[in-house]
Amino acid sequence: MVRLRNVGLSHDGARSFILRGVDLEIRRGEFVAVLGPSGAGKSTLLRIAMKLIAPTEGEVTLAPAATAQGRPAGLVFQDAKLMPWRTVQRNVELGLEGLGLGRAARHARALDALRLVGLAEQAGRWPRQLSGGQRQRVGVARALTVEPALLLMDEPFGALDAITRAGLQEELLRIWAQTRKTVLFVTHDIDEAMILADRIIVLAGHPASVRGDLAVGPRPRDRGAPAMQILAERLRALIAGEPDPAGAGYWRASEI
Amino acid sequence: MRRGTGRRSWRRPLLGAVGLVAMFGLWEASVRIGLVPSGLLPAPSDLVPAWLDEVRGGFWQGAIRDSMTHYLLGLAIGSVLGGLAGLLCGAVPVLDALLSGVVRVLRPIPGLAWVPFAILWFGLDTAGATFVIAISVFWINFYAAHGAVQSIDRDLFEVAAAFGHGGFGGRLFKVVLPAAMPGLMAGLRTGLGQAWMSVVAAELFGVPGIGARMMQASSLLATDLVVIYMLTMALLYALTDMAFMLVRNRILGWQG
């Protein structure tokens with residue numbers, strides 16, 4: 001679905017790098033989390049994957065849009081980033097404008113996406129009238145409505161309170177089960193990565209690179225299970241740059 | 001709740017009207033009891049016959065028609081040019097830097113100082129008066145638009161780009177114009193008031209209109225006429241401002 005080969009990014013003419021030597025492949029239908037400390041370049045990696053930022057070196061292959069009237073990727077931002085002058089409905093329609101769709105078709109598709117996130121009733125309201133959690137759901141609808149081959153999420157629940165956050169995580173899993181989208185989800189929260197993802201990619205270091213690529217067990221996830229606790233320990237060590245408590249230095253998903 | 005806010009929304013304009021009536025009452029009373037000699041300040045009740053004379057002679061209607069023409073033309077030209085220049089300078093840093101010196105030289109010159117050139121270039125007619133009004137409105141709108149563009153949330157450009165509107169047109173129409181609209185509207189409204197002040201200045205040098213009529217009246221010490229035209233201008237300002245606010249509130253409904 002998306003493949004990064006030896007990707008590096010520099011803002012000062014290749015003197016210093018933010019990311020370097022990043023190899024990554026995400027297959028159709030996978031839910032992959034990119035986990036790493038704040039400032040590790042996770043958000044930047046996401047933008048490189050969707051070709052919003054061109055890498056300084058290496059190459060990016062992104063699957064084309066699934067339909068003629070869609071876009072290759074849909075991005076969910078950290079604090080929703082809705083346009084305050086557009087209604088909820090018109091915010092969701094943003095990505096549909098310029099795709100050659102008629103007004104009625106745009107309207108219907110946006111409403112479908114809003115229904116999926118449970119906000120069809122709020123279609124005519126303004127962003128300022130919604131709660132933080134609702135705004136973020138509109139952000140998810142806006143990304144889904146362009147029928148992206150790849151759904152990218154940039155710490156989408158990071159600014160929300162714990163209860164809202166848990167609710168939205170559950171809802172995201174339901175939507176994912178329903179749509180079978182390929183998801184690339186950035187977070188600095190180990191728990192969140194383990195609850196949501198099939199695979200966790202650890203990004204850390206200066207310049208940042210892939211430190212580990214680990215598979216998570218079957219769903220539904222039980223936080224208390226011993227295997228999950230061992231995984232959490234390993235992830236913590238990988239982020240901190242310590243030796244892997246389970247033994248080897250670098251772990252591939254296939255090895256688990 | 002709704003009843004409460006409904007009642008409160010009526011209280012302000014009602015109190016405003018009470019204050020206005022009280023002002024005219026005090027004014028009338030202080031002239032009547034001789035606190036203020038009627039030669040220095042005409043009583044409101046004396047204004048009515050003088051006003052009827054002006055209306056019968058057609059002077060009042062003519063002055064309004066002439067001044068409204070200067071006002072609307074000057075306002076439209078100054079606002080459109082000032083708004084556009086401000087938008088451009090706010091959006092294009094090179095242009096902004098290039099013109100910063102020019103702006104600094106021209107900005108402090110008041111519209112009135114341009115009167116000799118207005119006469120020279122445009123003559124003692126509508127064009128001359130329009131020019132003076134347009135200049136004073138230009139700068140208000142220039143700075144309002146400039147500031148509005150500068151304070152746009154930069155992240156919204158990324159949102160637009162992520163949903164396929166990263167080009168010049170997309171940035172302009174999906175982000176810059178709607179995001180800057182509140183600032184543009186605030187500039188227009190300030191200009192609306194400023195332009196009435198400039199109307200008097202622009203007509204002082206002999207272009208027919210309210211200002212010219214006031215000058216004639218004051219040279220004859222016809223203070224009642226001066227007051228009539230002062231009140232006329234206040235009324236016209238109130239009407240234009242009200243009409244503008246109706247339009248503005250429709251456009252900026254999202255601000256609530």
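Me: Starting with terms: a residue is buried if 20 or more other C-beta atoms lie within 10 Å of its own, exposed if 12 or fewer, and partly exposed in between, with C-beta atoms placed from the backbone. By that count, how many residues of E9(A) are buried?

Reply: 5 of the 7 residues in E9(A) are buried, which leaves the strand mostly covered. Strands here are DSSP runs of E with at least two residues, helices are runs of H or I with at least four, and both are numbered from the N terminus.

Me: Good. What should I know about the model itself?

Reply: This is a predicted model, where local features need pLDDT of at least 70 and side-chain atom pairs count only at pLDDT 80 or more, while totals for chains, interfaces and linings use all residues. Residues are numbered from 1 along each chain as its sequence is written, and chains are lettered from A and ligands numbered from 1 in the order in which they are written.

Me: How many helices and strands does chain A have?

Reply: Chain A has 7 helices and 9 strands. Its radius of gyration is 18 Å, close to the 18 Å from the globule rule for 256 residues, so chain A is as compact as a globular protein of that length. The radius is taken over C-alpha atoms, and the rule is 2.2 Å times the number of residues to the power 0.38.

Me: What share of chain A is buried?

Reply: 43% of the 256 residues of chain A count as buried. As for contacts (C-beta atoms, placed from the backbone, within 7 Å), take those in chain A between residues at least 6 apart in sequence: 68% of them join residues at least 24 apart.

Me: Any record on chain A? Which residues does the "domain: ABC transporter" annotation cover?

Reply: The UniProt annotation, from an unreviewed entry, covers residues 2-230 of chain A. UniProt positions are given in the numbering used here, feature names are shortened, and annotations may be inferred rather than shown by experiment. In the model, that stretch of chain A is 31% helix and 24% strand, with its end C-alpha atoms 29 Å apart.

Me: Back to the strands. What is the order of the open sheet with 6 strands in chain A?

Reply: The order is E5-E6-E7-E3-E8-E9, with mixed pairing; two strands pair if DSSP finds at least two bridges between them. E5 (73-76) and E9 (209-215) of chain A are at the edges with a single partner strand each, so one side of each has no neighbour in the sheet.

Me: Do E3 and E8 of chain A run parallel or antiparallel?

Reply: E3 (residues 31-35) and E8 (residues 199-204) of chain A run parallel, joined by 4 bridges. Within E8(A), A:Ile200 is the bridge partner of A:Ala33. Helix H7 (residues 226-240) of chain A packs on the sheet, touching E3, E8 and E9 of chain A, and its direction makes about 25° with that of E8(A). For such angles, axes are lines fitted to C-alpha atoms, for helices over the stretch in contact, and the angles run from 0 to 180 degrees between N-to-C directions.

Me: And how many bridges pair E8(A) with E9(A)?

Reply: 6 bridges, in the antiparallel sense. A:Ile201 stands opposite A:Asp213 of E9(A). The two strands E8(A) and E9(A) make a hairpin with 4 residues between them, and A:Gly205 in the turn has a positive phi of about 100°.

Me: Which peptide bonds are cis?

Reply: One of them runs from A:His206 to A:Pro207, with omega near -10°, and A:Pro207 lies in the loop between E8 and E9 of chain A. Another joins A:Arg219 and A:Pro220, with omega about -10°; A:Pro220 sits in the loop between E9 and H7 of chain A.

Me: Now positive phi outside glycine. Is A:Lys81 buried or exposed?

Reply: A:Lys81, with a positive phi of about 50°, is buried, having 21 other C-beta atoms within 10 Å. A:Arg180 has phi near 55° and counts as exposed, with 11 C-beta neighbours inside 10 Å. Most residues other than glycine have a negative phi.

Me: Last topic: how many residues does each chain give to the contact of chains A and B?

Reply: Chain B gives 12 residues and chain A gives 14. On the side of chain B that touches chain A, the largest share, 5 residues, comes from H7(B).

Conventions
Contact = placed C-beta atoms within 7 Å.
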